[in-house]
Amino acid sequence: MEDGRALLKCFAGCTVHEVVQAVGLSLSDLFPEKLSNEAHAIKGERRPFPAADVLRCIAFEALVVLTAGAALLAGQPFSDADRARLVVAVGRIQAALDAGGLTHG
């Protein structure tokens, strides 16, 4: 972007933490120190993601959690892939809440 910002998107579904770690950064590296000259400061966005997108993400991942819960109640064992997907679902729900400017606990 013209103001120096860059948008990173992992189409494989990685979390923001996984993406920045993969390129050798931390989340704090994504946010520059406050500029002393306010003329050059970038105005932050209050809600960078539309609420409908956040809700769609949460709804889909909640379906994954529901499916895992139903399987657990039915006595079906979880494979390693099932466990990993459940962890991803929980992480995505938390990330969606963060993206929507909400706290999750």
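Which residue with a positive phi follows H2? The residue is Gly 75, and its phi is near 80 degrees. This local feature belongs to a predicted model, and the surrounding architecture can be read from the chain as a whole.

The protein chain contains three helices and zero strands, so that its pattern along the sequence, taken with the definition of these elements, reads α-α-α. Of its 105 residues, 11% count as buried. The chain exposes about 8,700 Å², of which carbon and sulfur atoms supply 62%. Among contacts between residues at least 6 apart in sequence, 56% join residues at least 24 apart.

Helix H2 spans residues 51-73. With 23 residues at 1.5 Å a residue, H2 should span 33 Å; the C-alpha atoms at its ends lie 32 Å apart, which agrees with that expectation. The buried residues of this helix are Val 54, Glu 61, Val 64, Ala 68 and Ala 71. In general, an α-helix has 3.6 residues a turn, so residues three or four places apart point the same way. Helix H3, formed by residues 80-99, is included in what covers the buried residues of H2.

Glu 61 is an acidic residue of the buried set that merits separate attention; its place is in helix H2. Why does Glu 61 count as buried? Its relative accessibility is 3%, and the limit for a buried residue is under 20%. Leaving aside residues up to four places away in sequence, Glu 61 touches Arg 85, Ala 89, Arg 92 and Ile 93.

The cysteines provide a further point of inspection. Cys 14 counts as partly exposed because its relative accessibility is 38%. Cys 57 also counts as partly exposed, in this case at 28% relative accessibility. A disulfide would require a pair of cysteine sulfur atoms within 2.5 Å, and by this rule the count comes to zero disulfides.

On the surface, Val 16, Val 23, Leu 25, Leu 27 and Leu 30 make a nonpolar patch of about 380 Å². One of these residues, Val 23, lies in the loop between helix H1, residues 16-22, and helix H2. Val 23 counts as exposed because its relative accessibility is 54%, and the threshold for that class is over 50%. The patch residue Val 23 is thus exposed at 54%, whereas Glu 61 in H2 is buried at 3%.

Note on methods. Residues are numbered from 1 along each chain as its sequence is written. This is a predicted model: local features need pLDDT of at least 70, side-chain atom pairs count only at pLDDT 80 or more; totals for chains, interfaces and linings use all residues. Side-chain values use heavy atoms; hydrogens and water are left out. Helices (H or I, at least four residues) and strands (E, at least two) are DSSP runs, numbered from the N terminus. Buried means under 20% relative accessible area, exposed over 50%, partly exposed in between (1.4 Å probe, protein chains only). Contact means heavy atoms within 4.5 Å. Accessible areas come from the Shrake-Rupley method with a 1.4 Å probe; for residues, only the protein chains shown count as cover. Patches are made of residues with over 30% relative accessible area and no salt bridge: like charges are joined within 9 Å, nonpolar side chains (Val, Leu, Ile, Met, Phe, Trp, Tyr) within 5 Å. A salt bridge is a side-chain nitrogen of Lys or Arg within 4 Å of a carboxyl oxygen of Asp or Glu. The expected span of a helix is 1.5 Å times one less than its number of residues.
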